[in-house]
Amino acid sequence: MHTITYSINYFTKGEVQALFLRHEGYLGAIGAFLKGAEEDNPNQYSWGENYAGSSGLMSVSPDMNPMQRSRSGTFDMLEMDRLERQLVKLPLLQDPSSYIPDTMDLTEDALAREYWLYCFEDALDGVVKRAVASQPEAPEAQERAEKFRQKYRHKLQTLRNQPFAYGSLTVRSLLDTREHCLNEFNFPDPYSKIKQRENDVALKYYLKAVKALDVLQWEERQFALVTGVLAGNVFDWGAKAVSDVLESDPEFGFEEAKRQLEERPWLVDSYDQWFARLKGPPHKCALFFVDNSGVDIILGVMPFVRELLSRGTEVVLASNSSPALNDVTNSELQILTERIAAMDPIVQGGLRDERLLLVQSGSSSPCLDLSRLDKVLATVVRERNTDLVIIEGMGRAIHTNYYAMLSCESLKMAVIKNSWLANRLGGKLFSVVFKYEVPAGRRERPVSSIL
């Protein structure tokens, strides 16, 4: 190390400094175990840190950690989950080596960190309430929910004192930590009953919605389809401003959500470029990362998908492999799509001819990491020559992937359902982000940046 340090210092005239990372003890043992495990059927699974089981890397500095411990600054517990499937990167990432899913680094932004930690703590009562309500037959659910509350609150307090305890700190990691803690106390799907209820209601309005779209002129219909996706995305139980409305006003529906959207020009508005593109040849295949159950997927996304199918575009719907908030899972989407197909010959034909495919993303998060997707999805994307990627929702298109650069055309659509974030971005509650991008070299005009 001395020789390398001397050489680098000499040949760079002091401009480059050599630093060495040395892993010891428990962390080194885990690394050695995972490396060895890769040699045992590495194509069948991947690994991920379980934030509920991991204690976090604690600082030994009294300034950083007022709750001092008697041992060195290493993990008391580092828990890894062996995931059921192999996770790989999206083949359409323009530069995988520079891809960072998260839009905001909360370790660097103290103001944002303090807000989001407060936001997640403030939402705890609602999460506990819904967790208990999801298991009415379990008498001990209240006790387990209280243990979840204590554990997650402790995690938030730890992160307030030591933002680096789990490495990078982002909105995604805070959401994932909450999901891990819910699972630890046997609340795998706290929103299951809410999702079932909202799916049943939305299905009743599906035919009326598509018939209203079919009578519109082509130009009007394209705008109505986009506003439909945006209005559907308002129905997000992960946003407190929305969940408060949904709990207090059961009559709040699709048309009410449309009226909440801001008028054009939107906060980020590429609709004119998207509309011009629609006048050209149809896309070969669209990969659509979907978001919420209920109104979102049934009245917002499916009519949009139906239009793509009618244009001759194949569609791959990528949904979560397991539950997170009220996001639709792949197993739920299979059932919903079959029920819609029974009413809609266009969707039925798409399924029959395999021009509409439903594939799990490999994710169990409200956010989206395009470098960790189910290998089956990546294979389908490659085999279908996908030339359009659509990412919907705050978690997938704002908190993550807002800056993701793809090698094909992309649409990022979301409604800002958090007043603080909307204000920081120069908008207001229910501001719209509609970001259409074309890869470098084919771009006609730059799309504005807000973050």
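**Around Phe223 and strand β10**

Hi everyone, let me start with one residue: phenylalanine 223 is partly exposed, with a relative accessible area of 31%. On that scale, buried means under 20% relative accessible area, exposed means over 50%, and partly exposed lies in between, using a 1.4 Å probe and protein chains only. This is a predicted model, in which local features need pLDDT of at least 70, side-chain atom pairs count only at pLDDT 80 or more, and totals for chains, interfaces and linings use all residues. Residues are numbered from 1 along each chain as its sequence is written, and side-chain values use heavy atoms, with hydrogens and water left out.

Let me stay with phenylalanine 223 for a moment. Which residue does phenylalanine 223 stack with? Its partner is tryptophan 266, at 5.9 Å centre to centre and with 10 degrees between the planes. Here, rings of Phe, Tyr and Trp (for Trp, the six-membered ring) pair if their centres lie within 6.5 Å; planes under 30 degrees apart count as stacked, over 60 as edge-to-face, and the rest as tilted. This pair links distant parts of the chain: phenylalanine 223 sits in helix α9, while tryptophan 266 is in the loop between α11 (254-260) and β4, 43 residues apart. Helices (H or I, at least four residues) and strands (E, at least two) are DSSP runs, numbered from the N terminus. Unlike its partly exposed partner, tryptophan 266 counts as buried, at 7% relative accessibility. Both rings belong to one aromatic cluster, made up of Trp218, Phe223, Trp266, Tyr271, Phe275 and Phe434.

By the pairing rule I just gave, the count comes to 19 aromatic pairs. Another of them is phenylalanine 148 with tyrosine 152, also stacked, at 6.1 Å centre to centre and 5 degrees between the planes. Why are these two separated by about one helical turn? Because they are four residues apart in helix α5 (residues 141-161). Phenylalanine 148 and tyrosine 152 are each buried.

Now for the whole chain. Its secondary structure comes to 18 helices and 11 strands. There are 451 residues, and 54% of them count as buried. The chain exposes about 21,500 Å², with carbon and sulfur atoms supplying 52% of it; these areas come from the Shrake-Rupley method with a 1.4 Å probe, and for residues only the protein chains shown count as cover. If a contact means heavy atoms within 4.5 Å, then residues 24 or more positions apart account for 74% of the contacts with a separation of 6 or more.

On to the sheet. Seven strands form an open sheet in the order β4-β11-β10-β9-β5-β6-β7, with mixed pairing; two strands pair if DSSP finds at least two bridges between them. At the edges are β4 (268-269) and β7 (356-360), each pairing on one side only.

Strand β10 (residues 409-416) runs parallel to β9 (residues 388-392), with five bridges joining them. Glutamate 392 stands opposite methionine 413 in β10. On to the helices that pack on this sheet: α9 (residues 218-232) touches β9, β10 and β11 (431-437), and its direction makes about 50 degrees with that of β10. Helix α16 (residues 375-383) touches β5 (285-289), β6 (314-319) and β7, with its direction at about 150 degrees to that of β7. Those angles run from 0 to 180 degrees between N-to-C directions, with axes as lines fitted to C-alpha atoms, for helices over the stretch in contact.

The other neighbour of β10 is β11, and these two run antiparallel, joined by seven bridges. Serine 410 stands opposite glutamate 437 in β11. Is β10 mostly covered or mostly exposed? Mostly covered: eight of its eight residues are buried. One side carries Glu409, Leu411, Met413 and Val415, the other Ser410, Lys412, Ala414 and Ile416.

Last, the cysteines. How many disulfides does a search of the whole structure find? Zero, with a disulfide taken as a pair of cysteine sulfur atoms within 2.5 Å. For cysteine 408, the nearest cysteine sulfur, that of cysteine 285, is 9.6 Å away. Cysteine 408 is buried at 5% relative accessibility, and cysteine 367 is buried too, at 1%.

Thanks for listening!
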